[in-house]
Amino acid sequence: PLEANQNNPVIIYVHGGGWKSGDKSEWNIPKIEYFCNLGYICVSINYRLSPEVKHPTHIQDVANAINWVEDNISLYGGNSSEMVLIGHSAGAHLVALAVTNQKYIEQAGVDIFNIKKACILDAGAYLIMNDLIYEDGNILEMVYSAIGDNSSPEIWMDFAPYNHIDSKKYMPFLVMAHSDSPYRVEVNRIFCNQLDLCNKQYVEYILDGYSHADVLSRIPIYF
């Protein structure tokens, strides 16, 4: 931030790319400048990619990165008890998984109560295999690349954030923003219905006419 005061909230960005591509540089200078001018410290992270690794390596890497930020961000003017997670596409899935299937951040030593908000941008892989609604074969290919062609039902269950929404545990406030494609609308509807059933707090933005890339590039509109 322009005036670091050792108490600035922290954004941790998780890039997309179908769990098999992408890089932390996706969180580019205009986004950094925008949020720094709002008083945030910005951190963009990488994680190992498929097909070289499979689930749960991606989420374990993300959880370990969050833990590093939690432990070290005070050295850069950040407040580790005011963290915001933002992810786009596959990164949005990983953010959703981090705050629902909380065993991974717990194993990494992260205090879930330090995560105050999770911004989930155009995610789609919320559900187990039999419930996924595919636009085309690309999503199926990416998911299989991420978890393996012969994964057990237990791996599918573990991979899907929907399965871990629990009324009995804390979850940060969720900002759900997604394009208006039928696939995105439907899977987000199902996910939000489960949030409602478990009395979780969130806001949903359906972005008419936005492409998958637009949902990320125009983030200040709804953050």
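# A guided tour of the sheet and its surroundings

Begin by selecting residues 78-88 and 115-121: these are strands β3 and β4, which run parallel and are joined by six bridges. The model on display is a predicted one. Within this pair of strands, select Val84, whose bridge partner in β4 is Lys117.

**The whole sheet**

Next, widen the selection to the full sheet. It is open and consists of six strands with parallel pairing, in the order β2-β1-β3-β4-β5-β6. At its edges are β2 (41-45) and β6 (202-207), each of which pairs on one side only. From one strand to the next, the twist averages 15 degrees.

**Strand β3 and Met83**

Return to β3 and colour the strand by burial. β3 is mostly covered, with eight of its eleven residues buried. On its β1 side, β3 is joined to β1 by six bridges, and these two strands also run parallel.

Now select Met83, which is found in strand β3. Is Met83 buried or exposed? Its relative accessible area is 0%, so Met83 is buried. Met83 is the bridge partner, in β3, of Val10, and it stands opposite Ile115 in β4.

Display the residues around Met83. Not counting residues up to four places away in sequence, Met83 touches Val10, Ile12, Ile66, Val69, Glu70, Asn114, Ile115, Lys116 and Lys117. For a distance check in the viewer, use the C-alpha atoms of Met83 and Val14: they are 13 Å apart in space, while the two residues are 69 apart in sequence.

**From Ser89 into helix α3**

Move along the chain to Ser89, in the loop between β3 and α3. Ser89 has a relative accessibility of 17%, and because the cut-off for burial is under 20%, Ser89 counts as buried. Which residues does Ser89 contact, leaving aside its neighbours within four places in sequence? They are Gly16, Leu121, Asp122, Ala123 and His212.

Continue by selecting residues 90-100, which form helix α3. This helix packs on the sheet and touches β1 (8-14), β3, β4 and β5 (173-179). The direction of α3 makes about 135 degrees with that of β3. Eleven of the eleven residues of α3 are buried, so the helix is largely enclosed by the rest of the structure. Among these buried residues are His93, Leu94 and Thr100.

**Across to β5 and β6**

Select residues 173-179 to bring up β5, one of the strands that α3 touches. β5 is mostly covered, since six of its seven residues are buried. With β4, β5 pairs in the parallel sense over five bridges; here the bridge partner of Cys119 is Val175 in β5. With β6, β5 pairs in the parallel sense over six bridges, and here Val175 has Val203 in β6 as its bridge partner. Showing Cys119, Val175 and Val203 together therefore traces a path across β4, β5 and β6.

Add residues 182-197, helix α7, to the selection. Together, β5, α7 and β6 make a right-handed β-α-β unit.

**Aromatic rings**

Finally, show the aromatic side chains. How many aromatic pairs does a search of the whole structure find? It finds nine. One to examine is the pair of Tyr126 and Phe191: the ring centres are 4.1 Å apart and the planes stand at 15 degrees, so the pair is stacked. Tyr126 lies in the loop between β4 and α5 (137-147), whereas Phe191 belongs to helix α7, so the pair ties together parts that are 65 residues apart in sequence. Both Tyr126 and Phe191 are buried.

For a second stop, select Tyr13, Trp27, Tyr34, Phe35 and Tyr40, which form one aromatic cluster. The tour ends at Tyr210, where Arg218 lies over the face of the ring, at 4.8 Å from the ring centre.

Technical notes. Residues numbered from 1 in each chain as written. Predicted model: local features only at pLDDT ≥ 70, side-chain atom pairs only at ≥ 80, totals over all residues. Heavy atoms only, no water. Pairing = 2+ DSSP bridges. Helix = DSSP H or I, 4+ residues; strand = E, 2+ residues; numbered from the N terminus. Axes fitted to C-alpha atoms, helices over the stretch in contact; angles between N-to-C directions. Contact = heavy atoms within 4.5 Å. Buried < 20%, exposed > 50% of the residue type's maximum accessible area, 1.4 Å probe, protein only. Right-handed = clockwise from strand over helix to strand, strands pointing away. Phe/Tyr/Trp six-rings, centres within 6.5 Å; stacked < 30°, edge-to-face > 60°. Lys NZ or Arg CZ within 6 Å of the ring centre and 35° of its normal.
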